[in-house]
Amino acid sequence: MIKYSKAYDPAAPLANITLQNPDSLLSVRDVSMLLDTGSDITLLPRSFCERIGLKVSKTKFLELEGFDQSKSIAYYVRLDLIFLNKLFRGNFLVYDQFGGNYWT
């Protein structure tokens with residue numbers, strides 16, 4: 001069952017995921033993630049990736065532009081994302097600081 005956070009107006013769906021290093025199999029579990037079906041990309045906090053020893057690319061990145069036209073850079077990392085017992089293996093974007101309420 002998907003839970004909803006009242007920190008958003010209207011309330012938004014959240015899911016708990018697991019991030020896993022595909023090489024060492026180290027993982028961090030119960031990472032709260034905002035489900036945004038209108039989003040073009042998935043951003044992951046760098047702090048979780050560092051906990052499991054993932055190597056963040058220094059040369060492969062994507063420039064992001066917000067609705068307010070502010071720009072920032074997100075770098076790629078190869079990892080396993082596990083959601084509802086399904087494995088999603090690939091390159092994901094890592095962000096140094098996330099403005100939401102759920103990344104620590």
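Where does S70 lie? I looked this up first and found S70 in the loop between strand 5 (56-65) and strand 6 (71-83), where strands are DSSP runs of E with at least two residues and helices are runs of H or I with at least four, numbered from the N terminus.

I note that this is a predicted model, in which local features need pLDDT of at least 70, side-chain atom pairs count only at pLDDT 80 or more, and totals for chains, interfaces and linings use all residues. Residues are numbered from 1 along each chain as its sequence is written, and side-chain values use heavy atoms, with hydrogens and water left out.

I then checked the surroundings of S70. With a relative accessible area of 40%, S70 is partly exposed (buried is under 20%, exposed over 50%, partly exposed in between, with a 1.4 Å probe and protein chains only). Its side chain makes a polar contact of 2.7 Å with the side chain of D68, a polar contact being a pair of N or O atoms within 3.5 Å; within protein, one must be able to donate a hydrogen and the other to accept it, and residues adjacent in sequence count only if both atoms are side-chain atoms. Leaving aside neighbours within four places in sequence, I found S70 in contact (heavy atoms within 4.5 Å) with L64 and E65.

For S32, I recorded a place in strand 3 (residues 27-34). S32 counts as buried because its relative accessibility is 18%, and its side chain is joined to that of N16 by a polar contact of 3.3 Å.
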